[in-house]
Amino acid sequence: MLAIEWNANQGWSDPIIKPYEKISLEPSAMVFHYSFECFEGLKAYKDKDSNIRLFRPELNMKRFKKSAARLSLPHFNGDELLECLKKFIRLDEHWVPAEKGYSLYIRPSLIGTQESLGVGATSRALLFIICSPVGPYYKTGFKAVRLLATTDYVRAWPGGTGDAKIGGNYAPCVKPQIEAAERGFQQNLWLFGADDEITEVGTMNCFVLLKNEQGETELVTPPLDGTILAGVTRDSILSLARSWNEFKVSERKITMLEVVKAQEEGRLLEMFGTGTACIVSPIKGVHYRGRDLDIPLDPKNPSNNAGPTAKRFMDALVGIQYGEIPHEWSVIVP
Ligand SMILES: Cc1ncc(COP(=O)(O)O)c(C=O)c1O
């Protein structure tokens, strides 16, 4: 693990790479009481020439800094942390699996460690990074999911913290997730507002591909209005789609009403979630206010568990991540 301590008097200490070990904190440490915790999630990939690659890690550093700032946790230099991370990964390179689809999951975390029950900014903090090899999300091809459009709980709201990757956003989402699972749904489709705007899917960003009322093919994802986590995968899919220039690409509000209407009129083409873990998670159904909506996957081949556009994004991103498609997003760890 990589560990860097901070205190308000001396600032950051020297980074230390050491064996994975327990962290010793007093029960009064602020992280245990007021959720002074933010984190990141990214992966290291091994290409066929045994290079270790990261995918747009500067975006994770930027988001990590933003999350830390939201919790008044200490500022840090994202470029310097990325250098530390690269040294750490290089030292642990034997843990990066070589097979395509496998990777090393990297989890940076920053916690407030001051012993205090007073609610205020922490005067001590610990930044640490741990990692673990992970297998492919889809071992036997895509597995499309069914969602419960959740109307009893809200993940994020205007002026809240939905756009920060902080622990406090995640624990409250587990109860709705368990309830959805008990009803046979793999994820919650998080909605917001009186008109049931689509926000995110589980811990993923959400994309809808449809023919809009003007007859244009349009890829829609909700805008970064403060309720949406700025996913690295989300940004990458938007950039790829814009570079293909084959259909309209919109970051705009989209409501369940619009999706239901498009579905009823045969204009809904695909829906999928996106995130580092799965890259693309095709959606085959949504249960919304007592109704089951079937979401199309691949009309040409009903046995396919992903629509053609979801698959195309998946193939493009995996190709870039494993260095098969040369791209500036894939950074070789020196
Ligand atoms: C709430 C939430 N939304 C979206 C994402 C997807 O973000 P990314 O593509 O950076 O993994 C994540 C995962 O980090 C998440 O936790």
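**Exercise 1. Classify lysine 165 and describe its surroundings.**

Solution. Lysine 165 is buried, because 25 other C-beta atoms lie within 10 Å. The cut-offs are these: a residue is buried with 20 or more other C-beta atoms within 10 Å of its own, exposed with 12 or fewer, and partly exposed in between, with C-beta atoms placed from the backbone.

A note on the model comes next. The model is predicted: local features need pLDDT of at least 70, side-chain atom pairs count only at pLDDT 80 or more, and totals for chains, interfaces and linings use all residues. Residues are numbered from 1 along each chain as its sequence is written.

Now place the residue. Lysine 165 sits in the loop between β9 (145–150) and α4 (174–182). Helices (H or I, at least four residues) and strands (E, at least two) are DSSP runs, numbered from the N terminus.

Next, list the contacts. Two residues are in contact if their C-beta atoms, placed from the backbone, lie within 7 Å. Leaving aside neighbours within four places in sequence, lysine 165 contacts Cys38, Phe39, Glu40, Arg63, Ser67 and Leu229.

Last, check the record. An unreviewed UniProt entry annotates Lys165 as "modified residue: N6-(pyridoxal phosphate)lysine". UniProt positions follow the numbering used here, feature names are shortened, and annotations may be inferred rather than shown by experiment.

**Exercise 2. Describe the shell around the ligand.**

Solution. Start with the nearest residues. Of the 13 residues around the ligand, Gly231, Val232, Thr233, Gly275 and Thr276 come nearest. The elements that give two or more residues to this shell are β12 (204–211), α5 (232–244) and β15 (268–275). A residue is near a molecule or strand if its C-beta atom, placed from the backbone, lies within 6 Å of it.

Then ask which element gives the largest share of the shell. That element is α5, with 3 residues.

Finish with the classes. The shell has 3 nonpolar, 8 polar and 2 charged residues. Ala, Val, Leu, Ile, Met, Phe, Trp, Tyr, Cys and Pro count as nonpolar, Asp, Glu, Lys and Arg as charged, and the others, Gly among them, as polar.

**Exercise 3. Analyse the contact between the two domains.**

Solution. First, set the bounds. Domain 1 covers 2–135 and domain 2 covers 145–322. These bounds come from an automatic or database domain assignment. Taken over C-alpha atoms, the domain centres are 28 Å apart.

Second, count the contacts. In domain 1, 21 residues are in contact with 13 residues of domain 2. On the domain 1 side, the elements giving two or more residues are β4 (37–39), β5 (42–46), β6 (52–55) and α2 (57–70). The most comes from α2, with 6 residues. By class, this side of domain 1 has 7 nonpolar, 4 polar and 10 charged residues.

**Exercise 4. Summarise the overall fold.**

Solution. Count the elements: the protein chain has 7 helices and 18 strands. Its radius of gyration is 21 Å, close to the 20 Å that the globule rule gives for 334 residues, so the chain is as compact as a globular protein of that length. The radius is taken over C-alpha atoms, and the globule rule is 2.2 Å times the number of residues to the power 0.38.

Along its principal axes, the C-alpha trace spans about 65 × 50 × 35 Å. Of the 334 residues, 41% count as buried. Among contacts between residues at least 6 apart in sequence, 71% join residues at least 24 apart.

**Exercise 5. Two residues have positive phi without being glycine. Compare serine 50 and arginine 56: which is buried and which is exposed?**

Solution. Take serine 50. Its phi is near 70 degrees. Serine 50 lies in the loop between β5 and β6. It counts as exposed, because it has 9 C-beta neighbours inside 10 Å.

Take arginine 56. Its phi is about 50 degrees. Arginine 56 lies in the loop between β6 and α2. It is buried, because 21 other C-beta atoms lie within 10 Å.

**Exercise 6. Locate leucine 85 and asparagine 188, and list their contacts.**

Solution. Leucine 85 is in helix α3 (residues 78–91). With 24 C-beta neighbours inside 10 Å, leucine 85 counts as buried. Not counting residues up to four places away in sequence, leucine 85 touches Pro57 and Ile129. Leucine 85 and valine 333 are 248 residues apart in sequence, yet 9.5 Å apart C-alpha to C-alpha.

Asparagine 188 is in strand β10 (residues 187–192). It is buried, with 22 other C-beta atoms within 10 Å. Beyond four places in sequence, its contacts include Leu147, Leu148, Thr150 and Pro176.
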